[in-house]
Amino acid sequence: LAAYANYRWVASSALACQAGLRYSRVTLNAEFDSTFYHFPFNSAGMRNAAVNGRLGAVYALLSALRFNAVLSTGFRAPNVDDAGKVFDSSPGYIVVPNPGLKPEYAYNAELGATFVLEKALKLDVTGFYTVLRNVMVRRNFTLNGSDSVMYDGAMSRVQAIQNAAEADVRGVQVSMELRLPAGV
């Protein structure tokens, strides 16, 4: 379930701003059949909700030069594969459900500039920085106190999707668009 609202404000011919809010609610109910796997739980239930936002502005200093800035947040709730699926990721490993999995959150900032020369050349440069909290990653795990189980005739290392503390993602994106004259 989600609801989204967006507002755009054009302050002048040089400045435009945009803001958005999104409410998300994700519910997951899973029951586990213990015929094949003896989990220490027989069901998992998750109810996660978040309000996320986006605030951005574009400023055209000259007709050929434009700057932009964005602040935003994000939310990803565990899905049925993350929290409730048993699968072999590669020979010798088995991924088991983790009903204690929590959603991950992202906090983003971007700054960019666009330069256009005579409609023939367009250069874009954007720097970004994202902080991820409760990052969902696959790591070694235990099932009923054991780090390995017999799976499909082979002893397999138990793993599960788990929350890591934090991760930072940063970088620069550069693009160029060149329009050649007709006939070239």
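Leaving aside its neighbours within four places in sequence, which residues is T126 in contact with? In this predicted model, local features need pLDDT of at least 70 and side-chain atom pairs count only at pLDDT 80 or more, while totals for chains, interfaces and linings use all residues. Residues are numbered from 1 along each chain as its sequence is written, and side-chain values use heavy atoms, with hydrogens and water left out.

The residues in contact with T126 (heavy atoms within 4.5 Å) are E110, L111, G112, G171, V172 and Q173. T126 is found in strand β8; strands are DSSP runs of E with at least two residues, numbered from the N terminus. With a relative accessible area of 14%, T126 counts as buried (under 20%, against over 50% for exposed and partly exposed in between, with a 1.4 Å probe and protein chains only).

Strand β8 (residues 121-133) is paired with strand β7 (residues 104-117) in the antiparallel sense over 13 bridges; pairing requires that DSSP finds at least two bridges between the strands. Within this pairing, F115 has L123 in β8 as its bridge partner. The hairpin of β7 and β8 has three residues between the strands, and E118 takes a positive phi near 55° there. Strand β8 also runs antiparallel to strand β12 (residues 166-178), to which 13 bridges join it. Here T126 stands opposite Q173 in β12.

Turning to the aromatic residues, the structure holds one aromatic pair (ring centres of Phe, Tyr or Trp, the last by its six-membered ring, within 6.5 Å; planes under 30 degrees apart are stacked, over 60 edge-to-face and the rest tilted). The pair is formed by F75 and Y105, and is tilted, at 5.5 Å centre to centre with 45° between the planes. It links distant parts of the chain, as F75 lies in strand β4 (residues 65-76) and Y105 in strand β7, 30 residues apart. F75 is buried at 18% relative accessible area, whereas Y105, at 24%, counts as partly exposed.

A last feature is the largest pocket, with a volume of about 170 Å³. A pocket is an open set of points on a 1 Å grid over the protein atoms alone, where a 1.4 Å probe fits, with protein on both sides within 12 Å along at least five of seven lines; lining residues have an atom within 4 Å of a point. The volume is the space filled by probe spheres set on the points, which are joined across faces, edges and corners. The lining comprises 13 residues, of which A16, Q18, G56, A57 and V58 lie nearest the centre. Strands β2 (15-31), β3 (43-62) and β4 each supply at least two lining residues.

Technical notes. Helix = DSSP H or I, 4+ residues; strand = E, 2+ residues; numbered from the N terminus.
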